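Here are my notes after a look through this one, in numbered points. Have the model open while you read.

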Amino acid sequence: MKRIKIKELLSSSPVGSDVTVKGWVRTKRGNKNIAFIALNDGSTINNIQVVVDIPDFDENLLKDISIGACICVKGKLVESHGQGQAVELNAKEIFLYGKADADTYPLQKKGHSMEFMREIAHLRFRTNTFGAVFRIRHAMAFAIHKYFNDKGFFYLHTPIITGSDTEGAGEMFHVTTMDLNNIPKGENKTVDYSTDFFGKETNLTVSGQLEGELGAMALGDIYTFGPTFRAENSNTPRHLAEFWMIEPEMAFYDIRDNMDLAEDFLKYLIRYALDNCKEDLEFLNSMIDKNLLERLNFVISNEFVRLSYTEAVDILTAADRKWDYPVGWGRDLQAEHERYLVEQHFKRPVILTDYPKEIKAFYMKQNDDGKTVKAMDVLFPGIGEIIGGSQREEIYEKLLARIREMKLKEQDYWWYLETRKYGTAPHSGFGLGFERLILFITGMSNIRDVIPFPRTPKNAEF
RNA sequence: UCCUCAGUAGCUCAGUCGGUUAGAGCAUCUGACUGUUAAUCAGAGGGUCGCUUGUUCGAGUCAAGCCUGGGGAGCCA
């Protein structure tokens, strides 16, 4: 008999039908005559209750069916005699795929801390919380592709190994095949990369943006969605050394179009989760964050506030409170400032634009005032910066001047500059941190709990 | 990297002013119970008190250093 997934079983199998289910035991309880097994196969957060007439089965088999064991059950679907569920499965045959020694299996029926779960990341998928989180993570990845595909964007695969540093900012992971115990040195005792695999210094990408722009200058609208690496020694609940980022890049979009897209995109994703991950979100709302559903609904039904950096500084200066870090035009906004704007002053997502050029990247479109650039940061409650983007500088001379002002290596950007030399066009784009989106959607509080196997300083287990 | 808090049974934690043999709940094991819902009830086993050094007659408790983890900050998505 063909196996049926529990999600399908619960939604569409008629009472009285004979079915086969396969899954992992969540709990077993009962007495010497009858046992109840809560079985889960990951297809849904819901379990099927398997009812076992103990005299009909081998005693040793039943002993081995403990929490974590994997079994196949054939039986008849019936209306439940108990209260907790509509239907249950009366077992006729049970096959044990793999037992889970109750003495050593780390998961129990009762609560575990998130910290403990991180130590058993290979098993934490088997909990309600992580099952819900990773089903939602999948749904969001799918929705991202659907959103862009429906809008005529093309998914562009930008390189993971790069020969250039996107912004000159941020530590990168070196990629090499050199023998680290015997690194060839050239003149001045510097490393001689000419003998390395690529014949030059290479790193893992910190952003696909620059390559993404090359694609946008021909395909029109593109997006990337791939792994991104930062070797920064960041130890916070919002940073990973390896994370996933979505970077759309659009020809002929100005900063306003860019903001419109970012807001529409985020609201689409939240709505997609509400429509397609209802049960998982309800579980997270009840167990992880009591305000989750309310917050998600609030965000999709209200306009994001849009204001300039200069206006934000005015608000912060006028605010009746003390800052750990001083507020002033030209200084970068600190976490406490962003939080104040989002969580107290406006109480909704905020898009900040037109930052001083000194605190932003070289490629951002310079405003006529000579002081600011067309940058935009989308700030979310509890998360901080979830999106960072800008209109790009498309005028060759201005871009080159900025590269020189910031003392970047001009020759490293020859191909980037050529897009401004040949058929340049106004264009814009942004980057969305995928895990930060998942944090917001799930209500989880630590980014290490929304990626299957987190990479952070001093941790690359699994 | 900085600040701060923590590390005691498989898990979550208590442990008073430094004092005899370090406790609880859950989990595990044994037994009871004819429909359970984190099942319930009774009993049992289970400890290098993160590591090292020191102070002391005596250290889970005090001190120093280190390791690991949480929270906050910086960097950023």
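1. Start with the RNA. This is a predicted model, and in it 52 residues surround RNA strand B. The closest are Asp103, Lys110, Thr236, His239 and Arg436. Of the strand B atoms that come within 4 Å of the protein, sugar and phosphate account for 50%.

2. Next, what lines that surface? Sorted by class, the residues near RNA strand B come out as 24 polar, 16 charged and twelve nonpolar. Several elements each supply at least two residues of this surface: the strands β1 (18–30), β2 (34–40), β11 (242–251), β15 (384–391) and β16 (427–433), plus the helix α3 (114–119).

3. Some individual contacts are worth pulling up on screen. Asp103, already listed among the closest residues, puts a polar side-chain atom 2.3 Å from a sugar or linking oxygen of RNA strand B. Tyr325 has a polar side-chain atom 2.7 Å from an oxygen of that kind, and for Arg230 the distance is 2.8 Å.

4. Now the cysteines. How many disulfides does the structure hold? Zero. Cys70 is in no disulfide, and its nearest cysteine sulfur, on Cys72, is 8.8 Å away. Cys72 is likewise unpaired, with the sulfur of Cys70 as its nearest at 8.8 Å. The cut-off for a disulfide is 2.5 Å between the sulfurs, so a pair at 8.8 Å does not count.

5. Are those two cysteines buried or exposed? Cys70 is buried, with a relative accessible area of 16%. Cys72 is buried too, at 7%.

Methods. Residues numbered from 1 in each chain as written. Chains lettered and ligands numbered in written order. Predicted model: local features only at pLDDT ≥ 70, side-chain atom pairs only at ≥ 80, totals over all residues. Heavy atoms only, no water. Near = heavy atom within 4 Å. Polar contact = N/O pair within 3.5 Å; in protein donor to acceptor, adjacent residues only side chain to side chain. Helix = DSSP H or I, 4+ residues; strand = E, 2+ residues; numbered from the N terminus. Nonpolar A, V, L, I, M, F, W, Y, C, P; charged D, E, K, R; others polar. Buried < 20%, exposed > 50% of the residue type's maximum accessible area, 1.4 Å probe, protein only.
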